[in-house]
Amino acid sequence: MTQQAATPVVRNVDPRHRYEILVAGERAGLTAYRDRGEQRVFFHTEIDDAYAGQGLASVLVEEALTDVRAAGKRIVPICPYVAKFLKKHEEFADITDPVTPEIRQWLDAALAR
């Protein structure tokens, strides 16, 4: 009997400032953000090694960005994966703001790096 691959579920875990992707109830990865006014600044995306190569990062980021649009916010892609995703998915260009030194400084302070 072959096991059906579970449909991944993406959820916003707002208190932890991240979207998580779950496969069969297990967290397979996350994309982390901080909110700066109307901007949602994405700074880190990771998929656990056990789930690599299944296209989950793309599903995760697309769902997260769709949620940002639904919330009436804008995207700032500091995370290299999110930036790369946006180059291929121009449907989010209208809500994407450029990464500036000011935003990088703000993020470093927000994360206390």
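Let me start at Ala 110, which at 37% relative accessibility counts as partly exposed. Ala 110 sits in helix H3, the stretch from residue 101 to 110. A quick reminder before I go on: this is a predicted model. Now, where does Ala 110 lie relative to His 17? The two are 93 residues apart along the chain, and their C-alpha atoms are separated by 12 Å.

That takes us to His 17 itself. You'll find His 17 in the loop between strand S1, residues 9–13, and strand S2, residues 18–23. His 17 is partly exposed, with a relative accessible area of 29%. What caught my eye is the backbone: His 17 has a positive phi of about 55°, although it is not a glycine. For context, most residues other than glycine have a negative phi. Ala 24 is another residue to look at here, with a positive phi of about 50° although it is not a glycine either. Ala 24 belongs to the loop between S2 and S3. Is Ala 24 buried or exposed? With a relative accessible area of 60%, Ala 24 is exposed.

While we're in this part of the chain, have a look at Val 13, in strand S1. Val 13 counts as buried, at 16% relative accessibility. Setting aside residues up to four places away in sequence, Val 13 touches Arg 18 and Glu 20. Val 13 and Leu 30 are 17 residues apart in sequence, and C-alpha to C-alpha they are 9.7 Å apart in space.

Next, a pair of threonines, and I'd like you to have both on screen. Thr 31 is in strand S3, and Thr 45 is in strand S4. What joins their side chains? A polar contact of 2.8 Å between Thr 45 and Thr 31.

Let's take Thr 31 on its own for a moment. Its relative accessibility is 0%, so Thr 31 counts as buried. Besides meeting Thr 45, the side chain of Thr 31 reaches the backbone oxygen of His 44 at 3.4 Å. If you leave aside neighbours within four places in sequence, Thr 31 is in contact with His 17, Arg 18, Tyr 19, Phe 42, His 44, Thr 45, Leu 60, Ala 64 and Val 82. So our loop residue His 17 turns up again, as one of the contacts of Thr 31.

Over to Thr 45. At 16% relative accessibility, Thr 45 counts as buried. Beyond its neighbours within four places in sequence, Thr 45 is in contact with Leu 30, Thr 31, Leu 60, Val 61, Cys 79, Tyr 81 and Val 82. Thr 45 and Arg 18 are 27 residues apart along the chain, with their C-alpha atoms separated by 9.3 Å. Please keep Val 82 in mind: Val 82 is among the contacts of Thr 31 and among those of Thr 45.

Val 82 brings us to helix H2, residues 80–88. Which residues of H2 are buried? They are Val 82, Phe 85 and Leu 86. Seen down the axis of H2, the buried residues fall within an arc of 100°, so they line one face of the helix. On the other side of H2, Pro 80, Lys 87 and Lys 88 are exposed. And what does the buried set pack against? Strand S3 (26–36), strand S4 (39–47), helix H1 (56–70) and strand S5 (74–77).

Let's zoom in on one of those partners, helix H1. The axes of H1 and H2 come within 11 Å and cross at roughly 80°. H1 and H2 are therefore roughly perpendicular to each other. On the H1 side, the contact is made by Ala 57, Ser 58, Val 61, Glu 62 and Leu 65. On the H2 side, Tyr 81, Val 82, Phe 85 and Leu 86 take part. Sorted by type, the residues of this contact divide into seven nonpolar, one polar and one charged.

One last stop, in the loop between S4 and H1, where we find Gln 54. Gln 54 counts as partly exposed, at 49% relative accessibility. How far apart are the C-alpha atoms of Gln 54 and Leu 111? They are separated by 30 Å, with the two positions 57 residues apart along the chain.

That's my tour, and I'm happy to rotate the model for anyone who'd like a second look.

Conventions: Residues numbered from 1 in each chain as written. Predicted model: local features only at pLDDT ≥ 70, side-chain atom pairs only at ≥ 80, totals over all residues. Heavy atoms only, no water. Buried < 20%, exposed > 50% of the residue type's maximum accessible area, 1.4 Å probe, protein only. Helix = DSSP H or I, 4+ residues; strand = E, 2+ residues; numbered from the N terminus. Arc of directions from axis to C-beta. Contact = heavy atoms within 4.5 Å. Polar contact = N/O pair within 3.5 Å; in protein donor to acceptor, adjacent residues only side chain to side chain. Axes fitted to C-alpha atoms, helices over the stretch in contact; angles between N-to-C directions. Parallel < 35°, antiparallel > 145°, perpendicular 65-115°, else oblique. Nonpolar A, V, L, I, M, F, W, Y, C, P; charged D, E, K, R; others polar.
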